[in-house]
Amino acid sequence: MDYSIVIPTNRSSSSIQPLLLSLVQQTLLPRQIVIVYDCPHLTEDMKNQYHTDLKNIFSDYLLIQVDIVDMLSTPSFIPWQWASYVRNFWRSYVSSPYMIFVDDDNIFDTSACEDLLSYRTSDPHSQAIIAPLQWDHASTTIRPSLAIWFQALLCRPQWLSHRHITITQRYHRLLLASSNCLVWPTMIFQQFPFDESIPFVYEDLILTAQMTQWGISVVCDTKVLIHHYHAHRSKLAELYINTAQRAYYKAKHRIILASIITSGLQKVLFYVFWLRWHTCYLMICIVWYAPYSEWKWLLWWIIRGTRDGLLLR
């Protein structure tokens with residue numbers, strides 16, 4: 001099957017090497033790999049070294065076309081515009097009918113790509129988006145990145161427990177999914193790009209939630225695991241409220257996400273009760289976990305993001 005892999009990244013070539021090595025070991029090799037390198041301080045020497053490093057990785061795989069997008073090679077690319085912009089920029093480069101979109105801190109099992117794309121065999125006319133389960137290497141748990149229903153209380157997707165994974169069928173319908181790894185016909189993403197007014201924090205969940213509303217199926221392939229590697233994160237970092245920008249976007253985008261997914265009584269309950277509860281919860285976390293010197297700004301950006309989210313809902 002002809003497919004491309006898209007990797008948005010701001011990491012060095014050595015940092016993404018584990019992902020790239022896992023790709024060249026696939027039982028079904030990609031025809032094309034597109035790397036969108038979001039580095040705002042890129043020099044010509046850095047670019048040449050980056051290209052050389054990647055050329056060495058793919059030297060034995062000449063049939064794989066490797067395209068690198070960066071500010072020097074592609075003048076129209078504007079670095080440091082955040083996740084949605086970077087994830088949208090690949091569209092003019094992918095030439096395969098199917099694509100796998102993966103973040104740079106993930107690693108595939110050797111048969112993962114073939115297994116993910118096999119959904120087409122079960123439904124050759126499907127326009128579904130497929131999401132694998134994501135194994136969080138740091139805490140050895142399944143990440144809370146897939147949702148059958150919207151857990152409005154915490155504005156986060158539902159955890160899929162080990163028991164749930166064991167008893168479920170292979171293809172499980174979802175309302176939304178994380179974009180750490182998504183598989184879809186290329187034409188879907190070209191038709192429905194990320195909203196660049198939502199630069200990060202929930203941009204992936206909002207996109208897939210909107211796709212569900214547009215009638216596109218979002219499906220979890222419970223047979224396929226990808227391994228998500230990241231350094232240890234603090235409680236505030238896990239909640240995406242450890243910096244002023246993250247606190248602002250978390251507060252703002254949770255309301256946008258809730259407005260898309262919830263309806264009827266659930267929407268009323270969200271605005272009357274759950275939003276207040278969740279805002280208090282975030283503030284308590286800031287007071288409990290953040291240094292005293294950071295309280296003022298983090299709390300201010302939670303309040304401001306909540307206000308702006310309510311104005312946009």
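Me: Which side chain does a polar contact of 2.6 Å join to that of Asp-308?
Reply: This is a predicted model. Asp-308 has its place in helix α12. Setting aside neighbours within four places in sequence, Asp-308 is in contact with Tyr-248 and Lys-252. The side chain joined to Asp-308 by the 2.6 Å polar contact belongs to Tyr-248.

Me: Is Asp-308 buried or exposed?
Reply: The cut-off for buried is under 20% relative accessible area. Asp-308 has 14% relative accessibility, so Asp-308 counts as buried.

Me: How many helices and strands does the protein chain have?
Reply: The chain holds 313 residues, and 52% of them are buried. Its secondary structure comes to twelve helices and twelve strands.

Me: What share of the contacts between residues at least 6 apart in sequence join residues at least 24 apart?
Reply: Take Arg-87 and Pro-8 as one pair: they are 79 residues apart in sequence, yet their C-alpha atoms are 6.1 Å apart in space. Arg-87 also touches Pro-8. For the protein chain, the share of such contacts joining residues at least 24 apart is 78%.

Me: Which side chain makes a polar contact of 3.2 Å with the side chain of Arg-87?
Reply: Arg-87 lies in helix α3, residues 82-88. At 7% relative accessibility, Arg-87 is buried. Beyond four places in sequence, the residues Arg-87 touches include Phe-101, Asp-103, Phe-189 and Glu-203. The 3.2 Å polar contact is with the side chain of Asp-103.

Me: Which residue's backbone oxygen does the side chain of Asn-106 reach at 3.3 Å?
Reply: Asn-106 lies in strand β5 and is buried, with a relative accessible area of 1%. Its side chain makes a polar contact of 3.2 Å with the side chain of Asp-105. The backbone oxygen that the Asn-106 side chain reaches at 3.3 Å is that of Asp-103.

Me: Why is strand β12 largely enclosed by the rest of the structure?
Reply: Strand β12 covers residues 218-228, eleven in number. It is largely enclosed because so many of those residues are buried: nine of the eleven.

Me: Which residue in β12 stands opposite Phe-108?
Reply: Strand β5, residues 106-108, pairs with β12 in the antiparallel sense over three bridges. Asn-106 of β5 has contacts that include Ile-226, His-227 and His-228. Opposite Phe-108 stands Ile-226.

Me: What is the bridge partner of His-172 in β12?
Reply: Strand β9, residues 171-174, runs antiparallel to β12. Four bridges join the two strands. The partner of His-172 is Cys-220.

Me: How many Å apart are the end C-alpha atoms of helix α11?
Reply: Helix α11 has 25 residues, 265-289. At 1.5 Å a residue, the helix should span 36 Å. The distance between its end C-alpha atoms agrees with that: 34 Å.

Me: On which residue is the kink in α11 centred?
Reply: The kink in α11 is about 45°. Its centre is Tyr-271.

Me: Which helices are included in what covers the buried residues of α11?
Reply: The buried residues of α11 include Trp-274, Leu-275, His-278 and Leu-282. An α-helix has 3.6 residues a turn, so residues three or four places apart point the same way. The cover over the buried residues of α11 includes α9, α10 and α12.

Me: How much of the area exposed by the protein chain do carbon and sulfur atoms supply?
Reply: The protein chain exposes about 14,700 Å². Of this area, carbon and sulfur atoms supply 57%.

Note on methods:
Residues numbered from 1 in each chain as written. Predicted model: local features only at pLDDT ≥ 70, side-chain atom pairs only at ≥ 80, totals over all residues. Heavy atoms only, no water. Buried < 20%, exposed > 50% of the residue type's maximum accessible area, 1.4 Å probe, protein only. Contact = heavy atoms within 4.5 Å. Polar contact = N/O pair within 3.5 Å; in protein donor to acceptor, adjacent residues only side chain to side chain. Pairing = 2+ DSSP bridges. Areas by Shrake-Rupley, 256 points an atom, 1.4 Å probe, with all protein chains shown as cover. Expected span 1.5 Å × (residues − 1). Bend = angle between axes of the 7 residues up to and from the residue.
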